[in-house]
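Please read the following account alongside the sequence and the coordinates. It proceeds from a metal site to selected residues, a helix pair and some backbone features.

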Amino acid sequence: MKTEHAPTIQRADYRPLSWTVETVDLHFRLEPRATLVTNRMVCVRNPQAEDGPIRLWGEALERVSLTVNGQPPRALRENDGALEIDAEGARVLVEVVTRVDPKANTTLSGLYLSSGGFFTQCEAEGFRRITCFPDRPDVMARYTVTLEAEREACPVLLSNGNLVEQGELPEGRHYAKWEDPFPKPSYLFALVAAKLVALERTVTTMSGREVLLQVWVEAGNLDRVEHAMDSLVHSMRWDEETFGLELDLDRFMIVAVADFNMGAMENKGLNIFNTRFILAKPDTATDLDYENVESVVAHEYFHNWTGNRVTCRDWFQLTLKEGLTVFRDQQFSADMLARAAGPEGAASARAVKRIDDVRVLRAAQFPEDAGPMAHPIRPDSYQQINNFYTATVYEKGAEVIRMLHTLLGQEGFRNGMDLYFSYYDGQAVTCDDFVEVMAEANGVDLDQFMRWYGQAGTPRLKATGEWNAAAGTYTLTLAQSTPATPGQPAGLPLVIPVAVGLIGPDGRDCVLRLEGETQGVATTRVLRLTEDAQRFRFVGLDAEPVPSLLRGFSAPVILELEEDDPRLAFRMAYDADPFNRWDAAQRYAERAVLALAAAPGSGLPQAFVDAFRTLLRDEALEPAFRAQALALPGEAYLLERMMPADPAALRAALVRTMQALGDALAADWLSLLEAMQVAGGYRYHPGDAGRRALANLALRYLAAAGNAEGLARAQSRYETATDMTVRFGALAALAQSASPARETALAAFHARYRDDALVLDKWFALQAGAWRWEAPAAPTLERVRALMADPAFSLSNPNKVYALLGTFFRANPGEFHAADGSGHAFWAEQVIALDARNPQVASRMARALENWRRFTPALQASIRPRLEQVLAVEHLSADVAEVVGKALE
Ligand code: B3K
Ligand code: ZN
């Protein structure tokens with residue numbers, strides 16, 4: 001077995017560079033097969049660093065020439081993957097000319113082509129694929145960029161900052177010159193040269209400056225950008241109102257591109273987006289798409305301050321910008337939802353958003369934290385940095401920021417943010433710097449809190465309660481432990497904010513008074529757990545309360561609290577905290593499904609069905625909330641809760657649960673379909689979206705149960721739908737059923753949208769994620785293989801790969817882990833094929849098997865040789881090698 005394909009980089013090895021860069025003057029002569037890049041940079045000695053050579057990184061480049069102050073360099077060496085140049089004095093002009101081949105660049109990192117246009121992606125280390133450069137985030141320089149291209153093919157020439165000059169050139173070519181007034185790290189550099197059109201808007205910022213906003217897309221998509229533009233304007237306003245942060249440029253551009261490895265990129269003043277997170281119109285985008293566009297536009301916009309103005313010193317600090325920015329976009333979305341819901345529905349609307357975020361955390365981050373890739377939100381080492389844009393760095397990172405927000409309060413948090421910008425604007429800093437300003441601004445000690453940055457693994461929070469009837473006291477004992485993870489021993493105690501409520505027998509929250517206090521304070525209070533175990537005694541109670549712990553999911557931990565079925569049903573009906581009410585339903589459902597998986601002959605407990613029905617019928621609850629509470633826990637999360645994980649048994653249990661709930665509550669689901677009708681044409685509004693979500697869920701249960709009336713309704717909704725949410729909801733219900741109407745509907749959908757790449761992604765994903773509802777049905781893998789031959793499918797387009805292969809590997813464990821090992825063989829075949837083109841995409845697919853040791857022995861025996869097969873591939877990328885190597889360690 002091969003060992004390391006790439007050296008491991010250690011956080012502790014960080015050293016400032018001896019030379020940094022002050023200004024960069026780039027000239028691009030853009031040609032698809034041979035783009036000439038001339039880079040003139042003023043390099044300066046770094047007074048904070050030891051003496052040494054200028055160091056430049058380059059990758060997949062043809063170096064045409066290199067001079068220092070116009071002369072060939074005195075000494076030029078290659079060392080550790082970098083060029084080293086000995087230079088004298090304090091400041092030199094280095095000129096490097098390189099040639100790159102955008103057309104051959106299938107990695108989509110660096111400069112590449114998409115639909116005939118030129119695009120770049122530089123984070124984390126793509127800039128070195130364009131020119132030789134000290135390509136690290138702690139090198140912040142001022143950029144001037146001149147683009148030169150054929151006018152016909154690339155009428156639009158964009159780069160960061162302000163347009164300062166443009167004009168014609170001989171032979172049908174033209175040029176544009178851009179200047180970015182703000183120093184920035186190379187990962188934020190971007191250029192676009194393509195045939196595009198823009199939706200434009202001018203807005204006035206809080207200080208009264210007029211700024212130009214543009215969203216650039218291909219001409220045929222101009223009718224789908226309004227929502228992205230609105231989202232941008234809302235984000236700008238929100239950041240002004242919430243954090244006093246204003247757009248700092250005269251022009252802010254967003255460009256959509258169809259071939260993109262991830263969601264979007266926050267390049268200074270020139271965000272580049274996957275089309276998936278920009279384009280939306282009622283006929284092609286669902287409510288969820290609208291929601292995602294809004295949140296990704298906001299996320300990238302918020303990076304302008306948290307990420308761009310203040311950036312990361314090194315890539316280990318990634319969560320400094322990502323955790324903070326995810327937290328900011330989560331808050332933004334919650335505020336937008338609450339505003340649309342009005343004062344009455346605001347709390348429920350916020351809870352719905354929180355539930356969405358926690359679902360993602362539990363489904364993606366918890367398994368990561370329990371597997372071979374487990375790492376703290378600030379990792380200590382990596383082989384390939386692109387593998388660390390993870391749920392841990394992003395989502396758990398956001399939870400850590402949220403805990404600071406909870407502990408310090410909105411105002412304290414804001415004060416910390418203000419201080420952060422006052423100290424570090426224009427600099428590249430560390431997570432310690434951030435936490436220290438939060439401490440300083442609030443006069444608190446956050447040393448112990450800092451452990452969240454260094455310890456991997458999901459902490460367990462064990463809670464026990466003791467009722468003393470004679471004294472009227474309830475004693476809550478909270479204990480914490482963090483499991484050992486690869487390379488780390490069990491963790492030390494963390495600072496865990498635990499939001500607590502106590503529910504009285506009448507279902508009402510008690511006013512909380514802790515021992516030693518003269519009067520009760522509130523019905524929800526945040527306890528601080530800082531020791532291994534602590535006791536909190538509540539006094540003045542009339543009757544034994546039911547504890548509601550970790551309200552609002554106040555910390556990213558696994559709560560272990562013994563609750564019997566009646567107690568879960570009680571909290572499902574009465575918990576005043578909507579998040580916990582949902583969580584009680586999830587816990588109850590988890591218990592029911594896992595019991596069914598363990599004892600396939602059994603049935604769903606009637607008490608569970610009754611509790612479920614009570615929620616379903618509770619019209620006081622917002623539809624969006626009910627849709628959340630009535631949806632079963634995600635399959636990935638349930639697998640994580642099963643030991644050993646047995647995907648086939650779990651799938652069988654889920655099928656039976658869906659069928660049983662569909663059957664037992666058929667009349668209720670059918671009447672919900674009526675009640676949840678939305679009148680009028682489509683508008684993206686959370687209230688309407690909630691009604692559509694609940695109706696679509698009802699259809700899912702009915703279709704799963706093979707309910708004839710439900711299936712007929714799905715078919716008629718499909719046929720009469722005037723928006724994608726309803727149409728796709730009906731299609732999904734039919735596709736997830738044994739109904740013969742399923743194939744007709746899938747074919748009709750394909751015929752209608754055959755030329756629409758983004759809609760076809762939904763069509764691919766739906767089929768890749770399909771369960772088997774009748775005994776002799778063909779395995780989903782056969783369908784996936786057939787779909788790979790569809791003309792619309794392409795291994796070169798990440799969206800297609802994620803839709804078809806990603807859905808099958810990650811969202812369809814019941815089929816992927818077929819007992820005959822066919823899915824595992826297919827996985828190896830595809831990971832190897834993808835790795836030769838695009839290691840980042842391949843690595844994401846590779847991660848689908850990393851938690852293989854949790855599976856049954858038979859599955860482990862099927863998976864191991866496939867992992868070994870991939871690791872044995874010659875020239876395997878460092879990306880995939882790291883993932884598979886760690887899985888096998
Ligand atoms: N910062 C980018 C992610 C870059 C991923 C590089 N492999 C998008 C974001 O988080 O906003
Ligand atoms: Zn980000």
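The paragraphs below take these topics in turn.

This is a predicted model, in which local features need pLDDT of at least 70 and side-chain atom pairs count only at pLDDT 80 or more, while totals for chains, interfaces and linings use all residues. Residues are numbered from 1 along each chain as its sequence is written, chains are lettered from A and ligands numbered from 1 in the order in which they are written, and side-chain values use heavy atoms, with hydrogens and water left out.

The metal site is a suitable place to begin. The zinc ion (ligand 2) has as its protein donors His299 (NE2), His303 (NE2) and Glu322 (OE), at 1.9 to 2.0 Å. Donors are N, O and S atoms within 2.8 Å of the metal (3.2 Å for Na, K and Ca), and water is not among the atoms, so sites may look incomplete. Along the sequence, the donor residues follow the spacing H-x3-H-x18-E. Because His299 belongs to helix α2 (residues 287-303) and Glu322 to helix α3 (residues 318-369), the pair ties together parts that are 23 residues apart in sequence. Helices here are DSSP runs (H or I, at least four residues), as are strands (E, at least two), and both are numbered from the N terminus. His299 and Glu322 are both buried; buried denotes under 20% relative accessible area, exposed over 50%, and partly exposed the range in between, computed with a 1.4 Å probe on protein chains only.

Helix α3 also holds Lys321. With a relative accessibility of 1%, Lys321 counts as buried. Its side chain forms a polar contact of 2.7 Å with the side chain of Glu266. A polar contact is a pair of N or O atoms within 3.5 Å; within protein, one must be able to donate a hydrogen and the other to accept it, and residues adjacent in sequence count only if both atoms are side-chain atoms. Leaving aside neighbours within four places in sequence, Lys321 is in contact with residues including Glu123, Tyr187, Glu266 and the zinc donor His303. Contact here means heavy atoms within 4.5 Å. Lys321 and Val310 are 11 residues apart along the chain, and their C-alpha atoms are separated by 8.3 Å.

A second buried basic side chain, Arg727, has a relative accessible area of 3% and sits in helix α15 (residues 724-735). The side chains of Arg727 and Tyr753 are joined by a polar contact of 2.7 Å. Apart from its neighbours within four places in sequence, Arg727 is in contact with Asp283, Tyr718, Ala721, Thr722, Phe749, Arg752 and Tyr753.

Attention now turns to helix packing. Two packed helices are described by the angle between their axes and the distance between the axes. The axes of helix α6 (residues 565-574) and helix α7 (residues 578-598) come within 7 Å and cross at roughly 145 degrees. Axes are lines fitted to C-alpha atoms, for helices over the stretch in contact, and angles run from 0 to 180 degrees between N-to-C directions. From α6, residues including Leu568, Met572 and Tyr574 take part in the contact, and from α7 the participants include Ala584, Tyr588 and Arg591. By class, this contact of α6 with α7 has eight nonpolar, one polar and five charged residues. Ala, Val, Leu, Ile, Met, Phe, Trp, Tyr, Cys and Pro count as nonpolar, Asp, Glu, Lys and Arg as charged, and the others, Gly among them, as polar.

Several loops carry backbone features that merit inspection. The peptide bond from Glu123 to Ala124 is cis, with omega near 0 degrees, and Ala124 is placed in the loop between β10 (117-121) and β11 (142-150). Another cis peptide bond runs from Met643 to Pro644, with omega near -5 degrees; Pro644 occupies the loop between α10 (635-640) and α11 (647-664).

Positive phi values occur at two residues that are not glycine. Asp80 has a phi of about 55 degrees and lies in the loop between β6 (75-79) and β7 (82-86), where Asp80 is exposed at 69% relative accessibility. Leu550 has a phi of about 60 degrees and is found in the loop between β29 (546-549) and β30 (558-561); Leu550 is buried, with a relative accessible area of 4%.
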